[in-house]
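Work through the exercises below with the structure open beside you, and try each task before you read its solution.

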Amino acid sequence: GSGAEKGAPPGGGEGGGMNTQKVEFIKSAANKKAFLRDGRHAVAFAGRSNVGKSSVINSLLNRKNYARVGATPGKTVQVNYFLVDGAYFIDLPGYGYARVSGDERRRWGALMEDFFQEPNLFTMGVLIVDSRHAPTADDVTMAEYFFDAGRPFVVVANKCDKLKKSEIEPNLERIRDVLGLDDDFPLLLYSCTAKVGRRELLGFIENNI
């Protein structure tokens, strides 16, 4: 689309949907007992350790460093909850960082299985991939988690400012192909630096929570 439509979210929010200024860090959950189950709508964000997931969340919130960017990617295997205007943004632990130990990897796998086994823990998902590269095996696994949970989700192709114009279409095709996405599955180009995709992603979130 032209991106000019200002489609108000269903339920007639005050002409602007979510108030992303209202943000509060709630907790980090390192095991399934600690997951929040209070029935609020929740958006689960997933992505590789170095894909810029924290930057995407921060750009949505118009903050510099709300979702704390870990000093060592992959070092924290926990699920972080932020309350944004009455809904949770859930920052799932990053994956695929080469230098993490096997223990760390297993802990990530166990935590993700616990999380996705309870479909009521989240309302919709955002899977962030690198627009420059083919999705990894870990990205494919994560997409399968979302598909199996039966929740709507969107794939965000981040760092699109690094692509040449001629690379955009073939790279999006490759992402669709590797992740097994239908042609009409929502796949958004995103760039925090070039401010691309923020309004579309917020619109998708508002329409699904």
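**Exercise 1.** Find the partner with which Asp-139 forms a salt bridge, and explain which parts of the chain the pair ties together.

*Solution.* The model is a predicted one, and the partner to look for is Arg-48, whose closest nitrogen lies 2.6 Å from the closest oxygen of Asp-139. A salt bridge requires such atoms to be within 4 Å. Next, place the two residues: Asp-139 lies in helix α3 (residues 137-149), while Arg-48 sits in the loop between β2 (42-47) and α1 (53-60), so the bridge ties together parts that are 91 residues apart in sequence. Finally, consider their surroundings, for which the cut-off for buried is under 20% relative accessible area. Asp-139 has a relative accessibility of 0% and therefore counts as buried, and Arg-48, at 12%, counts as buried because it too falls under that cut-off. By the salt-bridge rule, the count for this model comes to 10.

**Exercise 2.** Compare the salt bridge of Lys-53 and Asp-91 with that of Asp-103 and Arg-106, asking of each residue whether it is buried or exposed.

*Solution.* Begin with Lys-53 and Asp-91, whose closest N and O atoms are 2.4 Å apart. Lys-53 belongs to helix α1 and Asp-91 to strand β4 (residues 87-91), so that the pair links distant parts of the chain, 38 residues apart. Both Lys-53 and Asp-91 are buried. Turn then to Asp-103 and Arg-106, where the closest N and O atoms are 2.6 Å apart. These two residues are 3 residues apart in helix α2 (residues 102-117), which means that about one helical turn separates them. Asp-103, at 51% relative accessibility, counts as exposed, and Arg-106 is exposed as well, with 56%.

**Exercise 3.** Describe how helix α3 is placed, working from its span to its buried residues and what covers them.

*Solution.* First take the span: α3 has 13 residues and reaches 19 Å from its first C-alpha to its last, which is close to the 18 Å expected at 1.5 Å a residue. Then list the buried residues of α3, which are Asp-139, Met-142, Ala-143, Tyr-145, Phe-146 and Ala-149. Seen down the helix axis, these buried residues fall within an arc of 150 degrees, and therefore they line one face of α3. On the other side of the helix, Ala-137 and Asp-148 are exposed. Now look at what covers the buried residues: the covering elements include β2, α2, β5 (124-130), β6 (153-158) and α4 (165-179). The step after the helix is Gly-150, which follows α3 and has a positive phi, near 75 degrees.

**Exercise 4.** Classify the pair of rings formed by Phe-122 and Phe-146, and find the cluster to which these rings belong.

*Solution.* A pair of aromatic rings is described by the distance of the centres and the angle of the planes. The structure holds 15 aromatic pairs. For Phe-122 and Phe-146 the ring centres are 5.8 Å apart and the planes stand at 75 degrees, so the pair is edge-to-face. Phe-122 lies in the loop between α2 and β5, and Phe-146 in helix α3, so that the pair links distant parts of the chain, 24 residues apart. Both Phe-122 and Phe-146 are buried. To finish, follow the ring pairs outward: they link Phe-35, Phe-115, Phe-116, Phe-122, Tyr-145, Phe-146, Phe-147, Phe-153 and Phe-185 into a cluster.

Conventions:
Residues are numbered from 1 along each chain as its sequence is written. This is a predicted model: local features need pLDDT of at least 70, side-chain atom pairs count only at pLDDT 80 or more; totals for chains, interfaces and linings use all residues. Side-chain values use heavy atoms; hydrogens and water are left out. A salt bridge is a side-chain nitrogen of Lys or Arg within 4 Å of a carboxyl oxygen of Asp or Glu. Helices (H or I, at least four residues) and strands (E, at least two) are DSSP runs, numbered from the N terminus. Buried means under 20% relative accessible area, exposed over 50%, partly exposed in between (1.4 Å probe, protein chains only). The expected span of a helix is 1.5 Å times one less than its number of residues. The arc is that of the directions from the helix axis to the C-beta atoms. Contact means heavy atoms within 4.5 Å. Rings of Phe, Tyr and Trp (its six-membered ring) pair if their centres lie within 6.5 Å; planes under 30 degrees apart count as stacked, over 60 as edge-to-face and the rest as tilted.
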